[in-house]
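The following questions and answers examine selected helices, cysteines and arginines of one structure. Each answer proceeds by short steps to the value or name requested.

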Amino acid sequence: MLRVDDSLAAQRPDRPTLLYDDGCRFCRAMAEMIYRCARRRELSILPWSSAIAGAWLAGLPPSVRDLSMHLKLPDGTLVGGDAVLIATLTHVRGLKWVAWLGRHVPWAGSFVAWQYRFVARHREAFSRLVPDRPPVMREPGVR
């Protein structure tokens, strides 16, 4: 059983931090794409294998954790599921318009959520379509 450092779990990031499954080839590819688009001050990115991501996700049952990426916000909120894509893109230059559409145009938000759920459920198949890359990391400052 994984032992969680309570002091790590209690820390909050200084900016939104995307947490992704670095054991998944497709997730690594998507994290790298977001890493390339987001400026350092906009978004941090951590693989699940990092100590702090592990501490932040420790309270989630694996069945919930494994359904999606997660976004840890500076106020301590953890966003997951089909809401994580729009929440993440809100902080990524050049892609903020997708988040705006998702929040303000009802059919667009439903479509993005449906698309995210579909891809997340079939990520093993999508993993065959992307090049294998090493995990990316942009560590947040914590408080």
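**Arginines, cysteines and a helix pair**

Arg103 is partly exposed, its relative accessible area being 46%. The model discussed here is predicted.

Q: In which helix is Arg103 found, and which residue does its side chain join in a polar contact?
A: Arg103 is found in helix H6. Leaving aside residues up to four places away in sequence, Arg103 touches Ile86 and Thr90. A polar contact of 3.0 Å joins the side chain of Arg103 to that of Thr90.

Q: What distance separates the C-alpha atoms of Arg103 and Ala87?
A: Along the chain, Arg103 and Ala87 are 16 residues apart. The separation of their C-alpha atoms in the model is 9.4 Å.

Q: How are the axes of H6 and H7 oriented, roughly parallel or roughly perpendicular?
A: Helix H6 spans residues 96–104 and helix H7 spans residues 106–121. Their axes come within 5 Å and cross at roughly 115°. Angles of 65 to 115 degrees count as roughly perpendicular. H6 is therefore, with respect to H7, roughly perpendicular.

Q: Which residues make the contact between H6 and H7, and how many of them are charged?
A: H6 contributes Leu101, Gly102 and His104, while H7 contributes Pro106, Ala108 and Gly109. By class, the contact has three nonpolar and three polar residues, and the number of charged residues is zero, that is, no charged residues.

Q: How many disulfides does the model contain?
A: A disulfide is a covalent bond between the sulfur atoms of two cysteines. The cut-off applied here is a pair of cysteine sulfur atoms within 2.5 Å. For Cys24 the nearest cysteine sulfur is that of Cys27, 3.0 Å away, and Cys24 is in no disulfide. By this rule the count of disulfides is zero.

Q: Is Cys27 buried or exposed?
A: Residues under 20% relative accessible area count as buried. Cys24, at 8%, counts as buried. Cys27 has a relative accessible area of 7%, and therefore it is buried.

Q: Where does Arg123 lie, and which residue does its side chain join in a polar contact?
A: Arg123 lies in helix H8, residues 123–127. With a relative accessible area of 18%, Arg123 is buried. Not counting residues up to four places away in sequence, Arg123 touches Asp21, Cys24, Phe26, Cys27 and Asp66. A polar contact of 3.3 Å joins the side chain of Arg123 to that of Asp21.

Key. Residues numbered from 1 in each chain as written. Predicted model: local features only at pLDDT ≥ 70, side-chain atom pairs only at ≥ 80, totals over all residues. Heavy atoms only, no water. Axes fitted to C-alpha atoms, helices over the stretch in contact; angles between N-to-C directions. Helix = DSSP H or I, 4+ residues; strand = E, 2+ residues; numbered from the N terminus. Parallel < 35°, antiparallel > 145°, perpendicular 65-115°, else oblique. Contact = heavy atoms within 4.5 Å. Nonpolar A, V, L, I, M, F, W, Y, C, P; charged D, E, K, R; others polar. Buried < 20%, exposed > 50% of the residue type's maximum accessible area, 1.4 Å probe, protein only. Polar contact = N/O pair within 3.5 Å; in protein donor to acceptor, adjacent residues only side chain to side chain.
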